[in-house]
Amino acid sequence: MSEIASMRFPVLKLEKRSVCGRSHGCCRMRSPSHRTRDIERQAGYLKPEHCAPPPLRNSSDTMWFIRDGCGIVCGVITWLLIFYAEFVVGFVMLLPAKNILYSFFNGALFSTLGFLALASHAKAMCTDPGAVPKGNATKEFIESLQLKPGQVVYKCPKCCSIKPDRAHHCSVCKRCIKKMDHHCPWVNNCVGESNQKYFVLFTMYISLISLHALILVAFHFVLCFEDDWTKCSNFSPPATVILLILLCFEALLFLIFTAVMFGTQVHSICSDETGIEQLKKEERRWAKKSRWMNLKVVFGHPFSVAWLSPFSKPDHGKADMYQYIV
């Protein structure tokens with residue numbers, strides 16, 4: 001009866017797909033999980049009439065922010081660590097330096113990179129990563145899709161929404177996210193279709209200021225060993241050494257972490273495969289594009305300096321955006 005119903009009417013499914021990708025009738029041996037999925041494939045099982053319509057959003061409710069305690073703490077710690085690095089670089093190493101040009105150049109470069117890192121972090125945290133409208137799996141909405149007989153749609157039972165292909169549910173954000181890569185507590189948000197550019201810029205700028213800080217610490221130690229320590233800083237020698245060692249440890253740790261994260265994100269973008277899709281080894285059902293086109297989908301079309309700006313929203317232009325199948 002379920003096969004006959006699926007031929008006549010649109011089928012409403014849960015988010016999981018069958019293992020064989022076809023009707024379950026092709027499988028001779030059915031496990032308990034397969035028998036459960038057969039029941040889930042029946043149109044009346046999920047009862048779309050139980051889904052409440054999505055709430056209307058007004059103009060004042062446009063900023064995206066996840067109220068997660070762990071994520072908020074991690075975000076605050078990130079900002080404090082950047083401010084600490086700015087303090088040590090500016091007041092401990094550059095202000096006491098005798099070469100004014102050296103101090104001005106490195107101070108301006110480090111502050112610019114720090115500002116861009118903070119701006120990228122704020123954009124990654126407060127930008128909607130591509131959330132699917134919550135509670136849109138209503139009977140009226142499904143009927144408005146004008147599905148053809150036998151056409152399949154997927155419903156997330158957790159947020160009661162129709163899931164586009166390549167969308168996954170985040171237990172922290174409590175929403176389904178389009179092209180979700182992972183949930184990052186350091187930005188207190190998911191990394192998805194709409195904010196991946198800002199996350200990549202955040203990891204890039206953090207790795208750059210970490211590398212710059214390590215270089216400045218190395219130069220400062222060399223200069224101070226050749227000169228009097230009391231003339232190398234406005235602080236006492238023990239306090240200066242402690243501050244520099246802490247900065248060196250922080251910079252080295254974040255350089256390794258963000259450089260690896262930056263590399264994995266660029267690889268994920270070029271291969272057009274999110275971290276979750278790689279982890280779950282999901283079958284590729286979308287059209288393959290060139291690496292350059294995949295980069296333009298995330299950072300905007302055409303290539304410009306705006307790729308490096310967290311204040312520029314990606315302009316996809318002629319980029320071949322992925323068309324979500326509902």
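**A first walk through the model**

Let me start with one residue: V76 is partly exposed, because its relative accessible area is 44%. You will find V76 in helix α3, which covers residues 69-94. Please keep in mind that what we are looking at is a predicted model.

So what is V76 doing out there? Together with I72, L80 and F83, V76 forms a nonpolar patch on the surface. Those four residues have about 360 Å² of accessible area together. There is a nice general point to recall here: an α-helix has 3.6 residues a turn, so residues three or four places apart point the same way.

Before I go on, here is the overall picture. The chain has 9 helices and 7 strands. It is 326 residues in length, and 44% of them count as buried. The chain exposes about 18500 Å², with carbon and sulfur atoms supplying 66% of that area. And if you take the contacts between residues at least 6 apart in sequence, 69% of them join residues at least 24 apart.

Now let us stay with helix α3 and talk about rings. How many aromatic pairs does a search of the whole structure find? The search finds 9. One of the pairs is W79 with F83: the ring centres are 6.1 Å apart and the planes stand at 65°, and since an angle over 60 degrees counts as edge-to-face, that is what we call this pair. W79 and F83 are 4 residues apart in helix α3, so about one helical turn separates them. W79 is partly exposed, at a relative accessible area of 29%. F83, which we met in the surface patch, also counts as partly exposed, because its relative accessibility is 44%.

Another pair is W292 with W307. Their ring centres are 5.4 Å apart and their planes are at 35°, so this pair is tilted. W292 lies in helix α9 and W307 in the segment after α9, so the pair ties together parts that are 15 residues apart in sequence. Are these two tryptophans, W292 and W307, buried or partly exposed? W292 counts as partly exposed, because its relative accessibility is 45%. W307 is buried, because its relative accessible area is 9%. The story does not stop at two rings, either: ring pairs link W292, F299, F303 and W307 into a cluster.

While we are at helix α9, residues 291-299, have a look at its buried residues: N294, L295, K296, V297, V298 and F299. So F299 is a buried residue of α9 and a member of the ring cluster as well. Just after α9 comes G300, with a positive phi of about 115°.

Let me take you back to helix α3 once more, this time to C74. C74 is buried, because its relative accessible area is 12%. Which residues does C74 contact, leaving aside its neighbours within four places in sequence? They are P185 and W186. C74 and P185 are 111 residues apart in sequence, yet 6.2 Å apart in space from C-alpha to C-alpha.

A second buried residue worth a stop is T203, in helix α6, which runs over residues 196-226. T203 counts as buried because its relative accessibility is 2%. Not counting residues up to four places away in sequence, T203 touches T258, M261 and F262.

Finally, the strands. In a regular strand the side chains alternate between the two faces of the sheet. Strand β4, residues 167-170, shows us two sides: A167 and H169 point one way, H168 and C170 the other way. Buried or exposed, on each side? All four of these residues are buried.

What does β4 pair with? Its partner is strand β5, residues 175-178, in the antiparallel sense and over 4 bridges. You can follow the pairing at both ends of β4: A167 has K178 as its bridge partner in β5, and C170 stands opposite R175. The two strands form a hairpin with 4 residues between them. In that turn, K174 has a positive phi of about 60°.

That is my tour. If you want one place to begin on your own, try the surface patch of I72, V76, L80 and F83, and then follow helix α3 to buried C74. Thanks for listening!

Notes
Residues numbered from 1 in each chain as written. Predicted model: local features only at pLDDT ≥ 70, side-chain atom pairs only at ≥ 80, totals over all residues. Heavy atoms only, no water. Buried < 20%, exposed > 50% of the residue type's maximum accessible area, 1.4 Å probe, protein only. Pairing = 2+ DSSP bridges. Patch = residues over 30% accessible without salt bridge, like charges linked within 9 Å, V, L, I, M, F, W, Y side chains within 5 Å. Areas by Shrake-Rupley, 256 points an atom, 1.4 Å probe, with all protein chains shown as cover. Salt bridge = Lys/Arg side-chain N within 4 Å of Asp/Glu carboxyl O. Phe/Tyr/Trp six-rings, centres within 6.5 Å; stacked < 30°, edge-to-face > 60°. Contact = heavy atoms within 4.5 Å.
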